[in-house]
Amino acid sequence: MTAEAIFAALQDADVGAYAVTLDQEIVFWNRGAERILGHSSDEVLGRRCYEVLAGTRGDSLVPACINGCPSMGAIRAREIPQTIQANLLRASGERTAASVTPMIVAGDDEHPPVLVHLFQSAPAAMPAEGASDRPAEPRRRGRGRLAPRELEVLRLVARGRSTQQIADELEISPHTVRNHVRHFRRKLEARTKLDAVLTAMRLGILDQV
């Protein structure tokens, strides 16, 4: 799936999403990010992510950001970027706690790789029990009740791993990986793997990736 296709799918997602190049320039900012943080895409495209999301104050995104982006550090070390709990800077100057999940989108000969970050504010990620009159979504027809291995595969999918990379990392066959993907897509009522990642974030399944 190309970066352009992913950006199109994420544009109207109900979670925030932004993408940066390897030098941390923001190249995509969806409507969810505008809603959650108050910055419009016109205001942030072309700027460095740390300028927009961390600002110049000492209380950066996370302590590790003071010495460089932890996601970029993981990529350079050939490791999987981890989900972080962050304090994102809103346009109002206030901070909002959020869970941020990085997803690597591989490039090609003409396009360099980009790092997509999916995020939502902490209250949305962890709603209080009984906070809404509507039934919690995960309870609807068992939606979101993934087996441990399905969740493990979903986490790696969220981090941008290919089927073969997941198979190698978990020491299972690509056919088994595809079966797990098919199962969690069915349980999450998702048409694509990206839809599954977004649904899992909305349901709180990926809060602790």
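Start by selecting Ala 19 in this predicted model. Leave out residues up to four places away in sequence, and Ala 19 touches Phe 7, Glu 25, Ile 26, Val 27, Phe 28, Leu 115 and Val 116. Color those partners and keep them on screen. Ala 19 itself sits in strand 1. Is Ala 19 buried or exposed? Ala 19 is buried, with a relative accessible area of 0%. Now add Cys 49, which lies 30 residues from Ala 19 along the chain. The C-alpha atoms of Ala 19 and Cys 49 are separated by 8.9 Å.

**Around the turn from strand 1**

Next, select Gln 24. This residue belongs to the loop between strand 1 and strand 2. Check its backbone: phi of Gln 24 is near 70°, a positive value in a residue other than glycine. Most residues other than glycine have a negative phi. Gln 24 counts as buried, at 14% relative accessibility. The cut-off for buried is under 20%.

**Helix 1**

Go back to Phe 7, one of the partners of Ala 19. Select residues 3-10, which form helix 1. Which residues of helix 1 are buried? They are Ala 3, Ile 6, Phe 7 and Leu 10. Look down the axis of helix 1: these buried residues fall within an arc of 100°, so they line one face of the helix. An α-helix has 3.6 residues a turn, so residues three or four places apart point the same way.

What do the buried residues of helix 1 pack against? Show these elements one by one:

- strand 1 (16-20)
- strand 2 (26-29)
- strand 4 (95-105)
- strand 5 (114-121)
- helix 10 (193-202)

**Helix 7 and helix 9**

Move along the chain. Select residues 148-158 for helix 7 and residues 174-187 for helix 9. Two packed helices are described by the angle between their axes and the distance between the axes. Here the axes come within 9 Å and cross at roughly 95°. That makes helix 7 roughly perpendicular to helix 9.

Now show the side chains where the two helices meet. From helix 7, pick Arg 149, Glu 150, Val 153, Leu 154 and Val 157. From helix 9, pick Val 177, His 180, Val 181, His 183, Phe 184 and Lys 187. The residues of this contact divide into six nonpolar, two polar and three charged.

**Helix 8**

Keep that view and add residues 163-170, which are helix 8. Center on Ile 166, a residue of helix 8. Ile 166 counts as buried, at 2% relative accessibility. Which residues is Ile 166 in contact with, leaving aside neighbours within four places in sequence? The contacts are Val 153, Leu 156, Val 157, Arg 161 and Val 177. Among them, Val 153 and Val 157 belong to helix 7, and Val 177 to helix 9. Measure from Ile 166 to Leu 156, ten residues away along the chain: their C-alpha atoms are separated by 6.7 Å.

One more stop here: Glu 171, in the loop between helix 8 and helix 9. Its phi is positive, about 60°, although Glu 171 is not a glycine. At 73% relative accessibility, Glu 171 counts as exposed.

**Zoom out**

Finally, show the whole protein. Color by secondary structure to find ten helices and five strands. Buried residues make up 46% of the 209 residues. Of the contacts with a separation of 6 or more, 53% join residues 24 or more positions apart. Turn on the surface last. Its accessible area comes to about 11,100 Å², and 49% of that belongs to carbon and sulfur atoms.

Key:
Residues numbered from 1 in each chain as written. Predicted model: local features only at pLDDT ≥ 70, side-chain atom pairs only at ≥ 80, totals over all residues. Heavy atoms only, no water. Helix = DSSP H or I, 4+ residues; strand = E, 2+ residues; numbered from the N terminus. Buried < 20%, exposed > 50% of the residue type's maximum accessible area, 1.4 Å probe, protein only. Contact = heavy atoms within 4.5 Å. Areas by Shrake-Rupley, 256 points an atom, 1.4 Å probe, with all protein chains shown as cover. Arc of directions from axis to C-beta. Axes fitted to C-alpha atoms, helices over the stretch in contact; angles between N-to-C directions. Parallel < 35°, antiparallel > 145°, perpendicular 65-115°, else oblique. Nonpolar A, V, L, I, M, F, W, Y, C, P; charged D, E, K, R; others polar.
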